[in-house]
Amino acid sequence: MREKQTTIRDVAREAGVSVATVSRYLNNNGYISQKAEMKIREVMERLNYHPNEIARGLAKKKTRTIALIIPDITNPFFPELVVAIEEVAKSKGYSIILVNTQVGDMDDNHFWTQLQNRYVDGFILASFEMSEKVIKAIEKLKIPFVRIDRAAENNTFDSIGLDNYKGAKLAVEHLIEVGCKKIAHISGPKSYPPSSERKRGYVETVTDRAVRDGKTSPEESVIVYEGDFTLESGKLLTQILMNQHKDVDGIFLGNDLMAIGCLKALKLMGYQIPKEVAIIGFDGIKLTEMVEPEISTVEQPIYDIGVVSTNKLIRKIEGLENDKSILGETSLDIRLVTRQSTLGFGKYR
């Protein structure tokens with residue numbers, strides 16, 4: 001038979017005080033005599049009473065819970081991010097709930113109502129388009145949050161930023177350095193600001209190179225196909241690209257998952273990588289080291305992104321608005337990681 005759980009009423013009765021007095025003691029809210037405080041503490045220890053933290057949180061509309069909102073849990077970038085966020089949250093007494101969304105979810109007011117009804121203390125928003133409708137919905141919530149990657153245009157949301165433009169330039173310049181003559185780009189969705197920045201970095205780098213080479217129409221060097229960050233789109237668009245542009249010898253992919261799809265497509269089509277085509281991705285997920293050949297990438301500090309964003313959010317939740325370290329955008333460094341998918345190109349041609 002299940003043992004009866006000690007309640008706040010049991011503590012009040014044993015201590016000879018009212019339930020309201022025990023509640024004031026537990027919440028550190030209101031006056032309690034020293035004698036009553038000592039008696040309540042003694043009874044709680046004797047009865048092994050522990051207050052229900054969930055119930056207390058709901059009563060205060062504070063649950064020490066953080067929501068992490070992501071677009072695709074199947075993308076290895078996000079599980080790596082979750083590990084860091086959960087570690088930091090746990091160390092500070094917070095738990096996290098994972099919210100995996102589908103296309104259009106955030107434009108639905110019901111989505112934000114459900115989030116509000118969960119009484120989360122704050123949320124981390126990872127990699128989403130920020131439409132005006134979404135921005136208005138978030139502002140209406142009045143819940144602390146931090147956006148990962150980059151804030152939307154013309155708003156002042158706190159965010160963890162990365163220089164996607166710089167990263168794209170590093171990737172394309174590396175392809176040029178190893179000897180690629182015709183470089184194409186398979187981008188992420190154009191509605192997502194980091195995709196646009198990566199595309200801009202690609203376009204400027206290949207056109208600058210075309211100008212240096214004396215080409216009269218530098219814009220003709222630009223070859224872009226728009227993907228959706230999935231492995232499947234990387235595979236499909238690579239097949240289309242190589243059928244339409246057989247002389248392409250370098251491909252910059254908007255993320256690593258598409259780069260893995262690209263690798264698979266090239267192998268199926270009979271290309272030797274990197275002897276005939278060099279490829280490079282963007283993100284730095286561990287999976288790029290587990291394929292053959294290993295894929296070069298522009299590495300984001302995924303773990304650091306999780307740590308910084310969580311610490312920033314918790315400081316906001318705990319009312320440190322005057323702490324200048326939590327205001328505006330925090331920029332983290334990226335780095336070029338060169339591997340077999342590019343390094344062998346110049347050696348064997």
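K142 counts as exposed, with a relative accessibility of 73%; the label "exposed" stands for over 50% relative accessible area, "buried" for under 20%, and "partly exposed" for anything in between (1.4 Å probe, protein chains only). This residue sits in the loop between α7 (132-141) and β4 (145-149), where helices (H or I, at least four residues) and strands (E, at least two) are DSSP runs, numbered from the N terminus. The phi angle of K142 is near 60 degrees, a positive value in a residue other than glycine. N48 has a positive phi too, near 55 degrees, and is likewise a residue other than glycine. Its place is in the loop between α3 (34-47) and α4 (53-60), and at 53% relative accessibility N48 counts as exposed.

A word on how these values come about. The model is a predicted one, with local features needing pLDDT of at least 70 and side-chain atom pairs counting only at pLDDT 80 or more, while totals for chains, interfaces and linings use all residues. Residues are numbered from 1 along each chain as its sequence is written, and side-chain values use heavy atoms, leaving out hydrogens and water.

Stepping back to the whole protein, there are 14 helices and twelve strands. Half the story is inside: of the 349 residues, 50% count as buried. The protein exposes about 18100 Å², and carbon and sulfur atoms supply 50% of that area; accessible areas come from the Shrake-Rupley method with a 1.4 Å probe, and for residues only the protein chains shown count as cover. As for contacts (heavy atoms within 4.5 Å), those with a separation of 6 or more are 69% made up of pairs of residues 24 or more positions apart.

Two peptide bonds leading into prolines are worth a look. The bond from I273 to P274 is cis, with omega near 10 degrees, and P274 is found in the loop between α11 (256-268) and β9 (278-283). The bond from E292 to P293 is cis as well, with omega near 0 degrees. P293 lies on the other side of β9, in the loop between β9 and β10 (296-299).

Then there are the cysteines. C180 is buried, at 0% relative accessibility, and C262 is also buried, with a relative accessible area of 0%. A disulfide is a covalent bond between the sulfur atoms of two cysteines. With a disulfide taken as a pair of cysteine sulfur atoms within 2.5 Å, the count comes to zero.
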